[in-house]
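Colleague: I'd like a close look at one part of this model, namely the pairing of the strands and what sits around it. Could you walk me through it slowly, one piece after another?

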Amino acid sequence: MFPTTIAGSLPKPFWLAETNRLWPRWRWDGADLAQAQRDAVELMVALQKRSGIDVLTDGEMGRRHFVHGFLESLEGIDFSKLVRERIRDGRYEADLPTVVGPVRRRSPVHLEEVRHLRALTGRAIKLTIPGPMTMVDTLHDEAYRDRKALAFAFAEIINAEVRELAAAGLDVVQLDEPAFNVYLDDVETWGIAALNRALDGVGCRSAVHVCYGYGIEANIAWKKSLGAVWEHYRRVLPALDASCVDEVSIECAGSCVPTELLGLLAHKHVAVGVIDVATDRVESPEEVVATVERVLEYVPRERVTLSTNCGMAPMGREVAERKLAALGEGALQARLRLGS
Ligand code: ZN
């Protein structure tokens, strides 16, 4: 009852990369970097275990950024040709690598990471990969000049990758699609189709994380501009409910998403965000239980997983550790009080 997981990322240790950054610089390179990343994964797995997390991730220690980490190893993308553009429909500026030709996977991107994670634990393991629409929205495209065509090219790549990861023992793949609640028309016309293509027959459980972004300044300002009720999911969730994905991850802690919208996911499991990542204030177990109680009005308990609202990459380490503990403790209390 109420298994726990995190959206994906955890803060990188200070000795691995710059802290409190979305695009941090690594402290090492080559073989030293690879070793430091593996050490960091072992630390993050231990941290999740002792916090009572059931479905473990690698904390995304092997990637600088949740989108570019996957794209760095693909053919057809030039990371030396960075173009500064506004992304997520103009919400904030980022330096975007350029698509210069057909995108292809030279070799598996995350296979070694999944093997490593698999060797570290008998618990279920999850890996996050950016979704096709979010990949397209975090690149400058000079080759395809067609967002849908590029998204489907990425969907093929993701599908081939996830099949190999599932065969290596991955239990859950989560596609991160924060772009879904930005481009609502595109979600309906091609976003869901691209998602289905990416997840078709992959051989493991699948999840999608849609969100209003981490607690960075641009996102906090955007959220303020959205008013008291965030209605994007009224269109996104029915589309996701008709998709092939098994689980949908939604931020419910301190967000303005009306809880009743979760009722639109009649056929899905829901990873309920019970820990807010946009504030350093740590949730009490009572607050976690209250969020779960609210959700249970619309989602049956057997379809509820407890999670963080979003990734914790840009947070302080100490706060993140306390929030992980709050997630584990809150889940324990929720099982005791609401479990039957
Ligand atoms: Zn998120």
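**The strands and their surroundings**

Modeller: Let's start with S4 and strand S6 (residues 172-176), which run parallel to each other and are joined by five bridges. Keep in mind as we go that this is a predicted model. To get your bearings on that pair, find isoleucine 129: its bridge partner in S6 is leucine 175. Strand S4 itself covers residues 124-130, and six of its seven residues are buried, so you can think of the strand as mostly covered.

Now look at the other partner of S4. Strand S1 (residues 55-56) pairs with S4 in the parallel sense as well, here over two bridges. The spot to click on is valine 55, which stands opposite alanine 124 in S4.

Zoom out, and these strands turn out to belong to an open sheet of seven, in the order S1-S4-S6-S7-S8-S9-S10, with parallel pairing. S1 and strand S10 (304-308) are the edge strands, and each of them pairs on one side only. Further along the order, strand S8 (residues 247-251) runs parallel to strand S9 (residues 269-275), and five bridges hold that pairing. Isoleucine 250 is a good marker there, standing opposite valine 272 in S9.

Valine 272 is worth a stop. Not counting neighbours within four places in sequence, it is in contact with Ile250, Cys252, Thr291, Val292, Val295, Val304, Thr305, Leu306 and Ser307. Val272 is also one of the residues that touch the most other members of the largest nonpolar core, along with Phe154, Val173, Val270, Val274 and Val292; that core has 99 residues. The element that gives the most to this core is H5, with 10 residues.

H5 takes us over to the second sheet. The helix spans residues 147-167 and lies across S2, S3 and S5, running at about 70 degrees to S3. Those three strands form an open sheet of their own, in the order S2-S3-S5, and the pairing in this one is mixed. Strand S2 (74-87) and strand S5 (140-141) stand at the edges with a single partner strand each, so one side of each has no neighbour in the sheet.

Within this sheet, S2 and strand S3 (residues 92-105) pair in the antiparallel sense, over nine bridges. Try arginine 84 as your landmark: it stands opposite aspartate 95 in S3. Four residues sit between the strands of the S2 and S3 hairpin, and arginine 88 takes a positive phi near 55 degrees there.

What leads into this sheet? Glutamate 72 sits in the loop between helix H2 (68-71) and S2. Glutamate 72 has 14 other C-beta atoms within 10 Å, so it counts as partly exposed. Although 25 residues separate glutamate 72 from proline 97 in sequence, their C-alpha atoms are 9.1 Å apart in space.

And what leads out of it? Between S5 and H5 there is a loop, and arginine 145 has its place in that loop. Arginine 145 is not a glycine, yet it has a positive phi of about 50 degrees. With 9 other C-beta atoms within 10 Å, arginine 145 is exposed. Asparagine 20 makes a handy companion to look at: it isn't a glycine either, and its positive phi is about 55 degrees. You'll find asparagine 20 in the segment before helix H1 (30-50). Asparagine 20 is partly exposed, because it has 13 other C-beta atoms within 10 Å, and the cut-off for exposed is 12 or fewer.

One helix pair to finish with. Helix H6 (residues 184-199) packs with helix H8 (residues 233-241) at an angle of about 10 degrees, their axes being 9 Å apart. That angle is why H6 counts as roughly parallel to H8. On the H6 side the contact is made by Leu184, Val187, Glu188 and Ile192, and on the H8 side by Arg235, Val236 and Ala239. Sorted by class, the contact between H6 and H8 comes to five nonpolar residues, two charged ones and no polar ones.

Notes: Residues are numbered from 1 along each chain as its sequence is written. This is a predicted model: local features need pLDDT of at least 70, side-chain atom pairs count only at pLDDT 80 or more; totals for chains, interfaces and linings use all residues. Two strands pair if DSSP finds at least two bridges between them. Two residues are in contact if their C-beta atoms, placed from the backbone, lie within 7 Å. Axes are lines fitted to C-alpha atoms, for helices over the stretch in contact, and angles run from 0 to 180 degrees between N-to-C directions. A nonpolar core is a set of buried Ala, Val, Leu, Ile, Met, Phe, Trp, Tyr and Cys residues joined through C-beta atoms within 7 Å. A residue is buried if 20 or more other C-beta atoms lie within 10 Å of its own, exposed if 12 or fewer, and partly exposed in between; C-beta atoms are placed from the backbone. Angles under 35 degrees count as roughly parallel, over 145 as roughly antiparallel, 65 to 115 as roughly perpendicular and the rest as oblique. Ala, Val, Leu, Ile, Met, Phe, Trp, Tyr, Cys and Pro count as nonpolar, Asp, Glu, Lys and Arg as charged, and the others, Gly among them, as polar.
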